[in-house]
Number of protein chains: 2
Amino acid sequence: MSVLIVGSTALDSIKTPKAENPRLLGGSASHAAVAASFFSPVNLVGIVGHDFPRRYLQLYSRHGIDLAGLQVVQGKTFHWSGEYEANMNNRRTLLTELGVFEHFTPTLPEAYKHAPFVLLANIAPGLQLHVLKQMRRPRFVAADTMDLWLNVALPDLLRLIKRLDAFVLNDSEAHQLTEEDNLPGALHKIHRMGPRYVIIKKGSHGSVLSGPRGLFLCPAYPLRRVVDPTGAGDSFAGAMMGYLAAANGPVERHIRRAIIYGTVVASFCCEGFGLKCTDRLTRQRIENRVAELEALTRF
Amino acid sequence: MSVLIVGSTALDSIKTPKAENPRLLGGSASHAAVAASFFSPVNLVGIVGHDFPRRYLQLYSRHGIDLAGLQVVQGKTFHWSGEYEANMNNRRTLLTELGVFEHFTPTLPEAYKHAPFVLLANIAPGLQLHVLKQMRRPRFVAADTMDLWLNVALPDLLRLIKRLDAFVLNDSEAHQLTEEDNLPGALHKIHRMGPRYVIIKKGSHGSVLSGPRGLFLCPAYPLRRVVDPTGAGDSFAGAMMGYLAAANGPVERHIRRAIIYGTVVASFCCEGFGLKCTDRLTRQRIENRVAELEALTRF
């Protein structure tokens, strides 16, 4: 089955202590879509300007991503610029030029409205809600978010969370949202807001899934060298949803492995700037690392 | 087989936002010895003053801990007092009264010198070295440490590390020791200092073992409520060594499970002040939580 992915499509200029990379393909939907494409067909909804490089459109197409929902309009593509500190954990935004994104209204092509699996990658929760309203009885809806929306659009975000099957967020966001330091406590409170599944990402400390059958503790893949973590969370959610869309049978049966695949694709994402490493992935390399992760956790 | 445990035996006064508990049984060797006692016979080496409550000696004995190596001398028992912040991660020392500990020289009873498994729980690395010099060909020696010794006794610590089979430390100590932010990088550097096994504790994020067969990623047991984390790391190391001493065959075959048992006993330790919860444990309750941890990580 196919997965519908809605989010930001952007140009990212990323600075680390070791290198500077201008105008890479970025955005939550770009990372999520390419990550999902290794598992299932992807329909992408986003917006770019006329300055969007043709080679990035070709990259999407090379991964079989359907672009009927990608609006190409007059104006400049959303441009984000950020800088990482040496430990690769602290990031600071240098520049945000919204461009055509400022007036983005995600409108779904008719065929997309019946998608069974929907990933609302990180954008304003008002836009995520707008997408949900256009959907016809999707089977499984997941959404990601970021701290910005907790600060400036909390009412919309709470309305969204109520309608989700799965909510993906990172640990600091979970603490901010629930005012709970304790992870099981935070999970408990988020479930009460609506979603059956809550997935908390902890960066290099892995992730935790909470669902009807309790918790699943998922480690991160140990990386010797992190080149650029931008998009790792989006890749995680994208690969997870791609895997779920491709699997037969109930979500409950597959979601733990889906999170493992998300973890693995996210680890590759961190090994190159922007989408460089993810773009070159093969299903076989993903499978090899999944097997490695299994061996690293067996006792 | 029995395990020899050397370290501090103390009285701990512990303050948290919710409670204040004066003069609990504490110290690295106390926590480690009780944790190890659920798996194998324990020989304890430490020092206490004449003010040391008889009920604490009875507690050791109830767990079958041999006290031939516990010096009871004129003076006051080592007293530590600390305060935790609401998140239970940040701790500040309010008071350290060394008492009889100031002139402690760990002298092994003759029978202890042949112990096959030795845990040098956290004390000054000079004392840990002094114990090692008295040993006759131990089969497996592990040591724990703390940030203080990195700051004030680094040369001794480096001499000690060189002679260990396993070195146990926490992630911030590993970063301080190696100047590596990256965990696999830090592990690599610590192996080059000597030990075949390096175990990095990450608190609520679990632990990582690095050994001849690569890494083992061990999650923490998710606790809904942390009452007092004092001694969790000591319990971890103690239970791990107790499990290894009880197991037949090569260490390599058992060390992953040993770390799981260490994780589980440490989780119980956090659920009560001082040794309160650990004291009341049974092997069956430990086994139940090990099975639970297995279910939480299976995919």
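The following exchange asks, for a predicted model, what the labels given to its contacts, strands and residues rest on.

User: What makes Arg92(A) and Glu83(A) a salt bridge?

Analyst: The side chains of Arg92(A) and Glu83(A) approach to 3.0 Å, N to O, and the cut-off for a nitrogen of Lys or Arg and a carboxyl oxygen of Asp or Glu is 4 Å, so the pair qualifies. In chain B, Glu83(B) and Arg92(B) also meet in a salt bridge, at 3.0 Å from N to O.

User: Why is Arg92(A) called exposed, and what is Glu83(A) called?

Analyst: Arg92(A) has a relative accessibility of 52%, and exposed means over 50%, so the label applies to Arg92(A). Glu83(A), with a relative accessible area of 21%, is partly exposed, because the buried class is reserved for values under 20%. In chain B, Arg92(B) is exposed at 52%, while Glu83(B) counts as partly exposed at 21%.

User: How do you know that Arg213(A) and Glu252(A) form a salt bridge, and which parts does the pair tie together?

Analyst: The closest N and O atoms of Arg213(A) and Glu252(A) are 3.6 Å apart, and this separation is within the 4 Å that the rule allows. Arg213(A) lies in the loop between β12 (207-211) and β13 (214-218) of chain A, whereas Glu252(A) belongs to helix α9 (residues 251-269) of chain A, so the salt bridge ties together parts that are 39 residues apart in sequence. Arg213(A) counts as exposed, because its relative accessibility is 65% and the class begins over 50%.

User: How many salt bridges does the rule give over all chains, and what is the count between chain B and chain A?

Analyst: By this rule there are 26 salt bridges over all chains, but the count between chain B and chain A is zero. Within chain A, Glu110(A), Lys113(A) and Arg136(A) are linked in a network of salt bridges.

User: What, then, describes the contact between chain B and chain A?

Analyst: Each chain is represented, with 28 residues from chain B and 28 residues from chain A. Together the chains bury about 2500 Å², of which 62% is on carbon and sulfur atoms. On the side of chain B, Leu217(B), Arg224(B) and Phe299(B) lose the most area to chain A, and together they account for 31% of what that side buries. Between the two chains there are also 11 residue pairs in polar contact, with both residues at pLDDT 80 or more. The elements of chain B that give two or more residues to this side are α7 (183-192), β13 (214-218), α9 (251-269) and α11 (283-297), and α11(B) gives the most, with five residues. By class, the side of chain B that touches chain A has 13 nonpolar, seven polar and eight charged residues.

User: Why is Leu217(A) called buried, and which residues is it in contact with?

Analyst: Leu217(A), in strand β13 of chain A, has a relative accessibility of 10%, and values under 20% count as buried, so Leu217(A) falls in that class. Leaving aside neighbours within four places in sequence, Leu217(A) is in contact with residues including Ser207(A) and Val208(A), and also Pro219(B), Ala220(B) and Leu293(B).

User: Why is Thr278(A) called buried?

Analyst: The relative accessible area of Thr278(A) is 0%, and the buried class covers values under 20%, so Thr278(A) is buried. Thr278(A) is found in helix α10 (residues 276-279) of chain A and, not counting residues up to four places away in sequence, touches Val34(A), Phe38(A), Val265(A) and Cys269(A).

User: How do you know that both faces of strand β1 of chain B are covered?

Analyst: In a regular strand the side chains alternate between the two faces of the sheet. In β1 (residues 3-6) of chain B, Val3(B) and Ile5(B) on one side and Leu4(B) and Val6(B) on the other are all buried.

User: What makes β1(B) and β4 of chain B a strand pair, and which other strand is joined to β1(B)?

Analyst: Pairing needs at least two bridges, and β1(B) and strand β4 (residues 42-49) of chain B have four, in the parallel sense, so the term applies. Val6(B) stands opposite Val45(B) in β4(B). Four bridges also join β1(B) to strand β8 (residues 117-120) of chain B, again running parallel, and there Leu4(B) stands opposite Val118(B).

Technical notes: Residues numbered from 1 in each chain as written. Chains lettered and ligands numbered in written order. Predicted model: local features only at pLDDT ≥ 70, side-chain atom pairs only at ≥ 80, totals over all residues. Heavy atoms only, no water. Contact = heavy atoms within 4.5 Å. Buried area = accessible area lost by both parts, 1.4 Å probe. Polar contact = N/O pair within 3.5 Å; in protein donor to acceptor, adjacent residues only side chain to side chain. Nonpolar A, V, L, I, M, F, W, Y, C, P; charged D, E, K, R; others polar. Buried < 20%, exposed > 50% of the residue type's maximum accessible area, 1.4 Å probe, protein only.
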